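Here's a quick briefing on helix packing and empty space in this one. Have the structure open as you read.

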Amino acid sequence: MAPRFARLLRDSRAALLTMVGVLAVIWAVQVANWLDDYRLSYEYGMSSGRLDELPDLLTMPFLHFGWDHIEANSWPLFAFGFLAAYRGMRRFLLATALIVVSSGLTVWWFERPDAVTAGASGVVYGYFGYVVLRGIFDRNPADTVIGVVVAALYSYLLLGVLPSAQGVSWLGHLGGLIGGLAGAWLLRDRTPRRTAGAATAAAGTGPTPASPAGALLKELDDLGI
């Protein structure tokens, strides 16, 4: 098994277990929250303007206001989270921290004082933005294709960052999306890449132009696909 494919397999397994664990925690919290008449959401959700509320940006993503709320967030959180994590947990954790802080601070700064915001949807939007742009900034053909497919299938999510229906935290969505887009840029792969022309020149032959299709095929071949 090629070392690159073995590393990808290991990272994908870690991503899968991580997202299963995250969902298990969120659903366990939901059961406790439901049994307590959602008091946890009101006590540890995010309210704006007060310094003592800032730590709640860390608890906000784990809390929801109902079963419909958590069900709507669970599938996209798992799918986008896995795609954000499958190439390495370190960058994923840093991107997650940036998304959580960006979403929480946006709510804390701009939301009206009488509102309490909770839910993982800000993180969902952050992972969406991160996955869509990561491949472009990393110059990774396979991840670029994944980003294009995700953007095409879930472009309707962008409506959620606009002021919309009552009870929807569009500010949390917008803050998370900004954090994800920023994370794709700040955490991009800065490793210099050798082009096909440079490789053949080093071998003593003339350069061979590399096409985007050839680069994608090479990437898929390296992944064992």
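**Helix packing, a pocket and a cavity**

In this predicted model, α3 and α5 pack with their axes 9 Å apart, at an angle of about 35 degrees. The crossing of the two helices, α3 and α5, is left-handed. From there, the tour goes through the contact itself, then a tyrosine in α5, then the largest pocket and the largest cavity.

**Where α3 meets α5**

- On the α3 side, the contact is made by N73, P76, L77, F80, G81, L83 and A84.
- Facing them from α5 are S121, V123, V124, Y127, F128, Y130, V131 and R134.
- Sorted by class, the residues of this α3 and α5 contact come out as eleven nonpolar, three polar and one charged.

**A look at Y130**

- Y130 sits in helix α5 and is one of the residues there that meet α3.
- Is Y130 buried or exposed? Its relative accessibility is 2%, so Y130 counts as buried, the cut-off being under 20%.
- Skipping neighbours within four places in sequence, Y130 touches A84, R91, A95, G180, L181, G183 and A184.
- One of those partners, A84, belongs to the α3 side of the helix contact.
- Y130 and W185 are 55 residues apart along the chain, yet their C-alpha atoms are separated by 8.6 Å.

**The largest pocket**

- The largest pocket has a volume of about 660 Å³.
- Its lining runs to 32 residues, and G167, V168, S169, W170 and H173 are the closest to the centre.
- Which elements give two or more residues to this lining? They are α3 (67-85), α5 and α7 (170-186).
- The top contributor to the pocket lining is α3, with five residues.
- By class, the pocket lining splits into 17 nonpolar, 13 polar and two charged residues.

**The largest cavity**

- How many cavities of 30 Å³ or more turn up in a search of the whole structure? The search finds one.
- The volume of the largest cavity is about 40 Å³.
- Lining the largest cavity are M60, P61, I99, V100, S103, G119, G122 and V123.
- Two elements, α4 (89-110) and α5 (121-138), each give two or more residues to that lining.
- The largest share of the cavity lining, three residues, comes from α4.
- Five of the cavity-lining residues are nonpolar and three are polar, with no charged ones.
- V123 is named in the cavity lining and also among the α5 residues that meet α3.

Conventions:
Residues are numbered from 1 along each chain as its sequence is written. This is a predicted model: local features need pLDDT of at least 70, side-chain atom pairs count only at pLDDT 80 or more; totals for chains, interfaces and linings use all residues. Side-chain values use heavy atoms; hydrogens and water are left out. On a 1 Å grid over the protein atoms alone, a cavity is a set of points where a 1.4 Å probe fits but cannot get out, and a pocket is an open set with protein on both sides within 12 Å along at least five of seven lines; lining residues have an atom within 4 Å of a point. Grid points are joined across faces, edges and corners, and a volume is the space filled by probe spheres set on the points. Helices (H or I, at least four residues) and strands (E, at least two) are DSSP runs, numbered from the N terminus. Ala, Val, Leu, Ile, Met, Phe, Trp, Tyr, Cys and Pro count as nonpolar, Asp, Glu, Lys and Arg as charged, and the others, Gly among them, as polar. Axes are lines fitted to C-alpha atoms, for helices over the stretch in contact, and angles run from 0 to 180 degrees between N-to-C directions. A crossing is left-handed if the near helix is turned anticlockwise from the far one by less than a right angle, and right-handed if clockwise. Contact means heavy atoms within 4.5 Å. Buried means under 20% relative accessible area, exposed over 50%, partly exposed in between (1.4 Å probe, protein chains only).
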